[in-house]
Amino acid sequence: MLSSEKKQQLIAEYATHPGDTGSPEVQIAILTYRINDLQAHFKANPKDNHSRRGLLQMVSKRRKFLNYLMKNDINRYRVIIDRLNIRK
């Protein structure tokens, strides 16, 4: 689960300017953290299909943010891919 302290830490680390909470980089970082956290849950609970649907929705939303970055600023896209170790 994403605690408020961890969320603030992610926002501070990936923000493009002070007070930034909505840039694609920040949203991708938060979604990536939540996706990775859920992957551990599925190793313990392989039949939890309701949570799996939520995971797929998060992956889809992250993909849309990544596509937006790739279309508008390829350098920012490459940086966030490298920083988060996301496959293309």
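**Reasoning from definitions in a predicted four-helix model**

User: In this predicted model, how do you know that the length of helix α3 agrees with its number of residues?

Analyst: Helix α3 covers residues 49-72, which is 24 residues. At 1.5 Å a residue the expected span is 34 Å, and the end C-alpha atoms are 35 Å apart, so the two values agree. The expected value rests on 1.5 Å times one less than the number of residues.

User: What makes up the fold around this helix, in terms of helices and strands?

Analyst: The protein has 4 helices and 0 strands. From the N terminus on, the order of elements is α-α-α-α. The C-alpha trace spans about 40 × 30 × 20 Å along its principal axes.

User: Which residues of α3 are buried, and what covers them?

Analyst: The buried residues of α3 are L55, M58, R62, L66 and L69. Their cover includes α2 and α4. As a general point, an α-helix has 3.6 residues a turn, so residues three or four places apart point the same way.

User: R62 appears among those buried residues. What is the nearest side chain of opposite charge to R62, and how far away is it?

Analyst: R62, in helix α3, has D37 as its nearest side chain of opposite charge, at 13 Å. A salt bridge requires a nitrogen-to-oxygen distance within 4 Å, and R62 has no salt bridge although it is buried. Leaving aside residues up to four places away in sequence, R62 touches I28, L31, T32, I35 and I86.

User: Why is the pairing of R76 and E25 called a salt bridge?

Analyst: The side chains of R76 and E25 meet at 2.5 Å, N to O. The cut-off is 4 Å between a side-chain nitrogen of Lys or Arg and a carboxyl oxygen of Asp or Glu, so the pair qualifies. The pair links distant parts of the chain, with R76 in helix α4 (residues 74-84) and E25 in helix α2 (residues 24-44), 51 residues apart. A search of the whole structure finds 1 salt bridge.

User: How do you know whether each partner, R76 and E25, is buried or partly exposed?

Analyst: Buried means under 20% relative accessible area, and exposed means over 50%, with partly exposed in between. R76 has 33% relative accessibility and therefore counts as partly exposed. E25 has 7%, so E25 counts as buried.

User: What places Y77 and D73 in their accessibility classes?

Analyst: Y77, in helix α4, has a relative accessible area of 5% and is therefore buried. D73 lies in the loop between α3 and α4. Its relative accessibility is 27%, so D73 counts as partly exposed.

User: How far apart are the C-alpha atoms of Y77 and I11, and those of D73 and F42?

Analyst: Y77 and I11 are 66 residues apart along the chain, and their C-alpha atoms are separated by 17 Å. For D73 and F42, 31 residues apart along the chain, the C-alpha separation is 34 Å.

User: What do the totals for the protein say about burial, contacts, surface and charge?

Analyst: Buried residues make up 30% of the 88 residues. Among contacts with a separation of 6 or more, 49% come from residues 24 or more positions apart. The accessible surface comes to about 6300 Å², and carbon and sulfur atoms account for 51% of that area. The protein has 17 positive and 8 negative charges, whose mean positions are 9 Å apart.

Terms used: Residues are numbered from 1 along each chain as its sequence is written. This is a predicted model: local features need pLDDT of at least 70, side-chain atom pairs count only at pLDDT 80 or more; totals for chains, interfaces and linings use all residues. Side-chain values use heavy atoms; hydrogens and water are left out. Helices (H or I, at least four residues) and strands (E, at least two) are DSSP runs, numbered from the N terminus. Buried means under 20% relative accessible area, exposed over 50%, partly exposed in between (1.4 Å probe, protein chains only). Contact means heavy atoms within 4.5 Å. Accessible areas come from the Shrake-Rupley method with a 1.4 Å probe; for residues, only the protein chains shown count as cover. Lys and Arg count as positive and Asp and Glu as negative; His and the chain ends are not counted. The place of a charge is taken as NZ of Lys, CZ of Arg, CG of Asp or CD of Glu.
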